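Visitor: Please show me the model, and explain how the words used for it are justified.

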Amino acid sequence: MNRISSRGGLAVCLPLLRRVVVPALAVLVLPALVFTEARANFVLEEATIASIHEAMLAGELTSTQLVESYLARIKAYNGPGVAEPEGKLGRIVTVPRSGTINAIATLNLRPAALHARGFPPEMARSLTDSVDADPAKPDALEIAAALDAHLAATGNLKGPLHGIVFAIKDQYDTFDLRTTSAATVPYSDDRPPVDADFVTRLREAGAIVLAKSTMGEYASGTPRSSFNGTLNNPYDTERSPMGSSSGSASAVAANLVTVAIGEETGTSIRGPATYNNAVGISPTQELVSRHGMFGWGINTRTGPITRTVEDSARILQVIAGYSKNDYMSAGGHGRETPDWIAAAATRRLDGMRIGVLREYMHKHLFTEEDHQAIDLVERAVEELRKLGAIIVDPGPTADLLTPYLRKNFHLLYTPTYAEKFPELFPVDAEGKPTTDRIATLVELTLDPSKLPDTINIRTLGNERTPGASRFTQDLGLALRGDSTIKTTTDLIERGTFFVDDRFGDRKSGLVRSNEDTDLDTRDRLHRRYAVRHIVLHAMADLDLDVIVSPTNNIPPPKLGSPNVPRKNGRPLVWSYLGAQGFPTLTVPAGFTTHVYDRVLDPDSPPVPSTAFNARPGETEPASKLTGPVPAKLPVGLDLLARPFDEATLIAIAAAFEHATRHRTPPPDFGPLR
C-alpha cells in the first residue's frame, strides 16, 4: 500500500479557513536529511503528492526514479487503443480491453533519451528542432536530476510540488514542448516562445512537466485528434474518456503521471475527470490565469485533474492568483488565498447546508440511460447527510432553482430572449412589439406563475458569441509569432484533418469560426451576469453552502456511437452553471452495473444536431437505445459553490471522498511486471 500521510479525523472549521492566508509558492523547508539508497517500500500506483514527498524525504525515492517509473508505464500503456485500418486519419474500429489509451502526445525528453527508451519519434518534444540541444530547455530527466541534487545538498524540497510529475493539456503553451492543440499543422517552430502563466508557477514550485496530454482537437468534445489519433477510456477502452481534456484525465486515471492540468469552457475538466473516476476542479473564472492558451473564451477555466481531492487542492494552491496577462484574473486581485490544503483535511460536515439540484435528477424527464447515475447521486446525498450535512431538498418532483429563475425573469430578459415566448411578447408582421413589454415584465415579476413552465435551468442554453472563436484563435497565433502559421486561415489551409463522420469534422468548425468578421459577446456576458445573480439569490435565500447534482447522467458512451440527444436539455455532462463562472468540483460517486448504448435508427427522421459547432437548424441521423449491457463505468458527484469559495467545495468533497472511497484504479492498467 502507499505510505500516505494521514490526517484522519481532523475536521476543519470552514469560517476560519476563509481567513487563513498562505503564500502560493511557499518553499517547503525541512530539517536536513541523510539521503540513503532508495528502498522498495514506495508504491507508484495511486501515489499522491504527500506520499511521494514522504518517500523522497525518507530516501526511498528520487525525482529521477519517479520520472523513469512513469515513463515505463507510458511505454507500456500509451499506444493506440483502437484499430486503424485506414490509418490514423481514417475510420477506426474499437478494440475490447486493448490495454492502451493514447493519453500522452508528447514527452519532455531530448532525442537521445526518447530513442533509448524506445518511444516513437513523433512523441519528441519538438518535431521542428531535431537537434534539441538548447541548455536553457532542460528535459524532464535533467530537471529531475537537478531536483535530486537540491534535496541531497540541502535536505529541503524545492517547493510544494517538488518532483511531482505533470501532464499538461496540449492547448496550453509550454516553451520546451510541442504545442498545437492536438492538431497536425506545419508550424515553423512547434514550440511557443513562453510558458502559460500557470505553467511558470508549477515549475517555480518544483513540478516536472513530463508530457503534453492529447485532447479533442482544438478543444472539441470529441476524443479524437489528427496528431495523436483516438483516445480511450481506461475503464473500457471501447468507450469515450470524454473531451476535450481527455488525455489529462485518462493519464491520471491509469497512473501514467501523478497529476494533470485541464481546461474547461463547457465540461472539459469535470467531464473527463468523471468519465475517468478522478477528481476535477473547475475554479472560479477569475482565480487562475488563462494566459498561454489557444482559443480561450469568456467562460474558460484552468484547473487540476487528480486522483484525490487533496492533490487538487495542493495544485490549486500554486496556480491561483492574479496575472497581468489575463484581465479576468483581476477579479481575484487582492483577495486572501485560503488554505485549500487544510480544507482537504475535513472529515465532518456538521451544520453545512447542501442544496440538491433536482432539475438534473427527474427520471421522468429523461430515459433509462440516466437512471443509474441519478440513483448513485441519491446515495451520495444520503452519505453527505450521514456526515452531518443539512440537506436542502425541494422534493422528488420539485426544482431548486426554477422558483428563483421565475422571480428574476427580468434579469434574463432581452429582446432576443423574448422571441422564445411570443405568447407573452407578441409582434406584428414586421417583427415589432405590439405591447408594452415593461408593463408585461412588471406583471410577470409580481406574479411569476404567469411564466411558461419551460423556464428552467435545463432549457436556458448557452448563448452564441459570434466572432469569439476567430478572435481568440487569431490573437493567440499573433502572440505566438510563428513565421508560417499566423491566422485561422493558415490553420485551415495548411492543417491535416482526420476524416471520420462519427467524430465530427474539425476543419468545418474552423471554417465556420473563420467566417465571422465581427465580435459580439453581449448575449453571453448578459446571461452570465443574470444567472450568477439568480443562483446567488437562491443560495442566500436557502442559506446554502453548496449545490450538488450529478456530474453526468450519461455514462461513457461507445467511441463513434451516435450523439446522445439533449432530452429535456440534458447533455452528456451538465455544464451550464459552471460556465457562468461558478467554482465546480467533481468527485467519484461510484460505478454503474449496466448501461444502455445508442445505435443509429434508420426508421426515424433526422433530429436536431448536437454536434460541436452545429448551426441552428442542422440535423443528424436519429438514434435509439439498446441494452442494457453489463458495464462498470464511473459516475461523478458535482458540487457548486459561490465564486471564490473553493475552500467549501474542497472540504465537502474531501469529507465525502474519505467516507466513501469510490476512487479505484482501472483493473487493466495495474502495476507493471
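Guide: Accessible areas come from the Shrake-Rupley method with a 1.4 Å probe, and for residues only the protein chains shown count as cover. The protein exposes about 25700 Å², of which carbon and sulfur atoms supply 56%. This is a predicted model, in which local features need pLDDT of at least 70 and side-chain atom pairs count only at pLDDT 80 or more, while totals for chains, interfaces and linings use all residues. Residues are numbered from 1 along each chain as its sequence is written, and side-chain values use heavy atoms, with hydrogens and water left out.

Visitor: Why is the protein called as compact as a globular protein of that length?

Guide: The globule rule, 2.2 Å times the number of residues to the power 0.38, gives 26 Å for 673 residues, and the radius of gyration of the protein, 24 Å, is close to that, so the protein is as compact as a globular protein of that length. The radius is taken over C-alpha atoms.

Visitor: Why is Lys567 called partly exposed?

Guide: Buried means under 20% relative accessible area and exposed over 50%, with partly exposed in between (1.4 Å probe, protein chains only). Lys567 has a relative accessible area of 39%, and is therefore partly exposed. Of the 673 residues of the protein, 59% count as buried.

Visitor: Which residues does Lys567 touch?

Guide: With contact meaning heavy atoms within 4.5 Å, Lys567 touches Leu365, Phe366 and Thr367, not counting residues up to four places away in sequence.
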